[in-house]
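Notebook open, coffee ready. Today I'm going through a structure and writing down what I look up, one topic at a time.

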Amino acid sequence: MSGARGSKALGAYALERLLNAVPLVLGVIVVNFLLVSLAPGDPVTALIGEYPAPPDYVERVRAQYGLDAALPERLLRYLGSVVRGDLGFSFANRQPVATLVIERLGRTLLLMLTTVVFATAVGIVLGVWAARRPHSAVDRGATGFALAGYSIPEFWLGQILILVFAVGLGWLPAGGFRSIRADYAGWAAVVDQVRHMVLPMLALSFRYMAITTRLTRASLLEVMNADYILASRARGLSERRVLWEHGLRAAALPIITVIGYNFGFIVAGSALVETVFGWPGVGRLMYDSIFTRDYPVLLGILLLVSVSVILVNLLTDVAYALFDPRVRY
Amino acid sequence: MSGRRGAAARGAHPGVPGGAGNRGVGEPEGVAARATDVPLGATPVLELRDVVTEIRGVRGLVRPVDGVSLTVRAGQVVGLVGESGSGKSMTAFSVMRLFPTKAARVTGGEILLRGGDGRVRDLRTLGPDALRAVRGREIGMIFQDPASYLNPVLTVGRQLEQQLQAHGLGQGADARIAELLTDVGLSPEVARRYAHELSGGQCQRVGIASALACRPALVVADEPTTALDVTIQAQVLRLLARLQRDQGVALLLITHDLGVVAEVCDHVYVMYAGRIVEEGPVEDLFARPRHPYTQGLLAGVLDLLEPKPIRVSIEGSVPDLVRPPSGCRFHPRCPHAMPICEREAPPLLPRDEGAALGHSACWLHDPGVVGAGVTVEPGREDGP
Amino acid sequence: MAVPVPAAARAAAVGGLAGFWRQFRRHRTGVFGLAVVVVLVLVAVFAPWLAPTDPFTTSRAALQPPGTPGHLLGTDHLGRDVLSGVIWGARVSLIVGLAAAFTATVIGILVGAVAGYFGGWADELLMRVTELFQIIPRFVLALIVVAFFGSGLVNLILVIGILSWPQTARLVRSQFLRHRTLPYVDGARVVGMRAWRIIFVEILPNVLAPVIVVASLDIAQAILLEASLGFFGLGDPNLRSWGGMLNTAQQYVRIAWWMSIFPGLAISLAVLGFNLVGDGLNEATDPRLREGA
């Protein structure tokens with residue numbers, strides 16, 4: 001209960017959360033390993049896909065995973081290679097999986113981060129708007145929008161957006177990362193990039209926006225009934241400041257949590273949206289890998305995504321602690 | 001600032017619960033009764049005239065405040081007592097037209113406030129911006145549960161700063177906050193703390209600091225000590241009374257604790273089922289309660305040293321405000337109920353010839369209704 | 001914190017069906033959701049009679065727009081009737097949705113009940129596993145498992161079900177944690193009732209209402225997940241599913257909008273229906289919300 005809560009305390013808290021995450025990361029690796037071991041047929045097939053691999057490589061994989069050794073030993077070896085950053089080799093792409101994924105990671109992150117920022121901002125505004133006058137037409141509209149957002153699959157929404165804005169109106173490109181034929185430079189290149197990003201971002205935003213809208217509305221409605229809101233009005237604060245400095249600050253906590261804990265869903269969503277729009281990111285790589293039965297890539301992505309979800313959850317906890325002085329650490 | 005009351009703590013008032021003997025007369029912080037310190041003619045700071053407040057609820061329209069009139073004069077401490085559900089807190093909220101529920105609204109009467117500039121305005125007709133400028137500046141408010149009235153994720157200092165900024169006093173806010181916190185007996189360092197790091201008593205001290213932050217003419221305190229530990233209650237009450245005296249601010253104190261009223265108030269209003277049933281200077285009203293309800297209240301607590309919620313002392317329960325009793329609202333519980341009480345609500349009649357000692361709303365005082373001598377003496381165990 | 005009186009809760013569960021319906025009926029969106037679900041069920045059950053043609057029958061009339069005689073919603077690139085596909089697809093979605101949600105609920109109840117009732121190391125272990133399952137992105141894991149083990153209907157149901165139980169488990173656990181200290185459970189222990197009897201006969205009926213709410217939301221999520229897998233080409237190859245139809249539609253977006261509009265609309269409506277029913281159930285069974293209404 002003491003007032004001394006310096007950055008040192010926060011660091012210790014973060015470290016504690018980090019240590020908490022270690023068993024989870026191990027668990028994720030074990031799940032990954034079990035998938036390889038339990039896959040039907042020859043585990044080597046599961047590891048390198050159904051490729052006519054050179055016999056010496058097949059032998060190397062067998063040795064690396066010690067496929068003739070006992071399960072625990074194989075697990076340990078697998079752990080070792082993961083720790084060294086070795087996620088396997090993709091025969092379809094003739095590249096190490098790690099290299100392949102990292103190369104595409106930037107483009108996926110670009111799409112995801114823009115989406116999170118955009119969706120959160122719009123969701124908060126809509127939520128505030130709806131909460132201002134509960135049960136009004138605006139509120140019902142926002143609630144209806146949120147319900148639709150929960151229910152519409154983002155890949156279908158992507159197709160609709162292409163139909164309307166690319167095919168129908170011709171305003172925006174239907175897919176791709178940037179224009180291949182025209183060689184833009186400088187500002188024009190940025191504009192071109194943004195134009196390619198608008199539709200995938202909208203498609204991916206919808207569900208997130210719905211979640212944020214609904215949550216902002218609910219937490220604001222709850223918070224605005226709090227005693228301290230009444231007190232800040234009694235102190236003469238304007239409604240605007242009551243809302244933004246007291247209401248939203250409190251509502252921010254559940255919003256942060258939801259952004260963090262829904263990270264896994266947005267990863268899945270971006271895989272689907274990238275596929276619809278031919279956005280050359282990790283998601284599209286997943287789609288392609290299914291067709292080429294490039295299992296090492298899929299497993300590598302699963303591991304990477306799981307670990308990043310753990311990491312984002314960890315950051316969420318720390319951000320929560322930063323925002324809420326009541327969290328004891 | 002003014003020392004006009006310094007040595008004015010006086011002796012015993014017969015009939016005052018708890019007896020004046022319990023108070024140290026020479027105690028520096030002693031808050032003795034001082035009904036006559038404020039001249040009756042002092043300028044009213046706040047005047048409620050026939051204020052009606054309605055709540056639109058699921059079960060229909062409720063009038064927790066039904067034609068309440070009361071006056072708070074400069075430098076005066078006015079108590080408003082009643083059991084829970086009597087509408088006393090809603091009266092407090094009506095002063096600033098600020099309610100815990102959106103369903104509540106002041107629908108009638110006048111709320112006259114004399115501002116710092118001496119101008120009298122009716123808060124009932126004020127627009128939202130003008131009203132906002134009054135809140136926290138001309139009128140400070142202290143709430144019941146101190147901890148929940150502070151935002152848990154903002155520091156105490158930030159919340160006081162917001163208030164000063166809202167009223168254009170942002171310049172030098174830090175110094176002012178330090179001064180305020182010192183005034184209420186807290187370390188200036190508390191400005192950096194959060195509500196959960198403070199005790200209930202400390203939170204309420206912050207609440208008092210906030211109420212006084214912009215040097216208002218009036219402070220409305222809604223049961224400021226009820227939620228605190230008994231030992232802390234006295235401390236906070238004493239602090240409040242001392243600051244009130246030092247700063248010459250008028251105080252409207254809502255409470256269900258008659259001991260508190262006896263200790264700090266100059267004047268008291270007794271509320272029952274949305275209406276004022278009796279009012280007068282504390283010492284006289286406590287010595288000679290005229291209304292059967294007040295008599296019941298005082299009879300119930302007369303020999304108690306510890307204050308006790310008034311509800312206990314009276315038979316029956318609070319009336320349902322959706323369908324209040326006809327006539328005098330107290331008649332179903334009144335030991336002296338007469339046929340007329342059921343039919344007609346009694347007017348507020350002077351408690352004495354000159355009306356200097358307040359009013360009481362009871363048919364028993366109407367010579368046209370009953371002969372002289374029916375008035376019941378206090379201190380006797382009346383009724384069943 | 002008001003703890004519901006179990007006796008009353010049970011009475012409400014047994015005799016209060018009419019009362020419950022009265023509560024549910026007050027939420028118009030919930031009733032709308034229910035209507036959507038009923039239509040969906042009817043379409044799925046009567047698919048063979050409702051569908052104009054077999055969904056796999058190809059014809060020369062490829063890529064015909066809606067309104068073409070005999071093809072109300074048009075045909076796809078192989079001349080297959082879109083309307084028939086949408087109607088038969090309802091079966092796949094509904095079967096996968098219901099069966100997967102059922103699987104998830106059963107697992108969730110078992111895990112949650114054991115963790116919440118026994119506590120201690122069992123709780124610790126089970127909650128760690130639950131956390132793990134919550135962290136691994138469901139879609140990616142489902143994708144890999146289905147890719148490995150095949151995308152038959154039963155596989156889809158099992159995979160989706162096995163990946164969807166954590167929320168139910170957490171809910172059931174928290175309910176059991178609360179109930180296991182209540183007098184009626186103590187009473188049952190005192191008279192020597194066996195643990196499994198206390199869990200399933202005494203406690204479980206009292207905590208079922210929120211579980212059913214989550215289950216109906218699970219159905220919506222399962223339908224969505226199945227459609228996503230189908231869109232990735234991992235639906236049951238022997239069945240026409242809405243997700244699968246959208247997968248083929250992807251290549252024809254520019255020239256055959258109807259291939260993508262109608263299956264997508266069907267998915268959205270089905271998911272919306274179950275979501276609305278879940279919301280309605282939630283509001284009708286939550287006494288706190290009821291008072292506030």
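**Entry 1: salt bridges**

Before anything else, I wrote down what I'm searching for: a salt bridge is a side-chain nitrogen of Lys or Arg within 4 Å of a carboxyl oxygen of Asp or Glu. Also a reminder to myself that this is a predicted model.

I looked up Arg351(B) and found that it forms a salt bridge with Glu278(B), with the closest N and O atoms 2.3 Å apart. Where do the two partners, Arg351(B) and Glu278(B), lie? Arg351(B) is in the loop between strand 11 (349–350) and strand 12 (359–360) of chain B, while Glu278(B) is in strand 10 (residues 275–281) of chain B, so the pair ties together parts that are 73 residues apart in sequence. I checked the surroundings too, and both Arg351(B) and Glu278(B) are buried. Still in chain B, I noted a network: Glu54(B), Arg63(B), Asp66(B), Arg275(B) and Arg329(B) are joined by salt bridges that share partners.

How many salt bridges does a search of the whole structure find? I got 26 over all chains.

Next I picked two from chain A. Arg17(A) and Asp317(A) meet through their side chains at 2.9 Å, N to O. I see Arg17(A) in helix 1 (residues 7–38) and Asp317(A) in helix 13 (residues 295–323) of chain A, so to speak distant parts of the chain, 300 residues apart. Asp317(A) is buried, at 14% relative accessible area, whereas Arg17(A) is partly exposed, at 24%.

The other pair is Arg284(A) with Asp288(A), whose closest N and O atoms are 3.5 Å apart. Both sit in helix 12 (residues 282–291) of chain A, four residues apart, which is about one turn of the helix. Arg284(A) is partly exposed, with a relative accessible area of 23%, and Asp288(A) is partly exposed as well, at 29%.

**Entry 2: where chain C meets chain A**

I looked up the contact and found 40 residues from chain C and 49 residues from chain A taking part. About 3,900 Å² is buried between the two chains, and carbon and sulfur atoms give 76% of that. On the chain C side, Ile135(C), Phe148(C) and Phe232(C) lose the most area to chain A, together 19% of what that side buries.

I then went for the polar side of things. There is one salt bridge between chain C and chain A: Asp279(C) pairs with Arg214(A), the closest N and O atoms being 3.2 Å apart. I also noted nine residue pairs in polar contact across this interface.

Which elements give two or more residues to the side of chain C that touches chain A? My list has helix 6 (120–135), helix 7 (138–149), helix 11 (195–231), helix 12 (242–249) and helix 13 (257–285) of chain C. Helix 13 of chain C gives the most, with 12 residues. Sorted by class, this side of chain C has 28 nonpolar, seven polar and five charged residues.

I zoomed in on Ser268(C), which is found in helix 13 of chain C. Is Ser268(C) buried or exposed? Ser268(C) is buried, with a relative accessible area of 8%. Leaving aside its neighbours within four places in sequence, I find Ser268(C) in contact with Ser151(A), Ile152(A), Pro153(A) and Trp156(A).

**Entry 3: where chain B meets chain A**

Here I get 31 residues from chain B and 25 residues from chain A. The buried area is about 2,400 Å², with 58% of it from carbon and sulfur atoms. Tyr149(B), Val153(B) and His196(B) lose the most area on the chain B side, together 24% of what that side buries.

I found one salt bridge between these chains, in which the side chains of Glu245(A) and Arg158(B) meet at 3.0 Å, N to O. Residue pairs in polar contact number 14. Strand 6 (139–142) and helix 3 (156–166) of chain B each supply at least two residues of the touching side, and helix 3 has the largest share, six residues.

**Entry 4: cysteines**

How many disulfides does the structure hold over all chains? I found zero. For Cys341(B), the nearest cysteine sulfur is that of Cys328(B), 5.9 Å away. Cys362(B) has its closest cysteine sulfur in Cys334(B), at 6.0 Å, too far for a bond.

Definitions and conventions. Residues numbered from 1 in each chain as written. Chains lettered and ligands numbered in written order. Predicted model: local features only at pLDDT ≥ 70, side-chain atom pairs only at ≥ 80, totals over all residues. Heavy atoms only, no water. Contact = heavy atoms within 4.5 Å. Buried area = accessible area lost by both parts, 1.4 Å probe. Polar contact = N/O pair within 3.5 Å; in protein donor to acceptor, adjacent residues only side chain to side chain. Nonpolar A, V, L, I, M, F, W, Y, C, P; charged D, E, K, R; others polar. Disulfide = S-S within 2.5 Å. Buried < 20%, exposed > 50% of the residue type's maximum accessible area, 1.4 Å probe, protein only.
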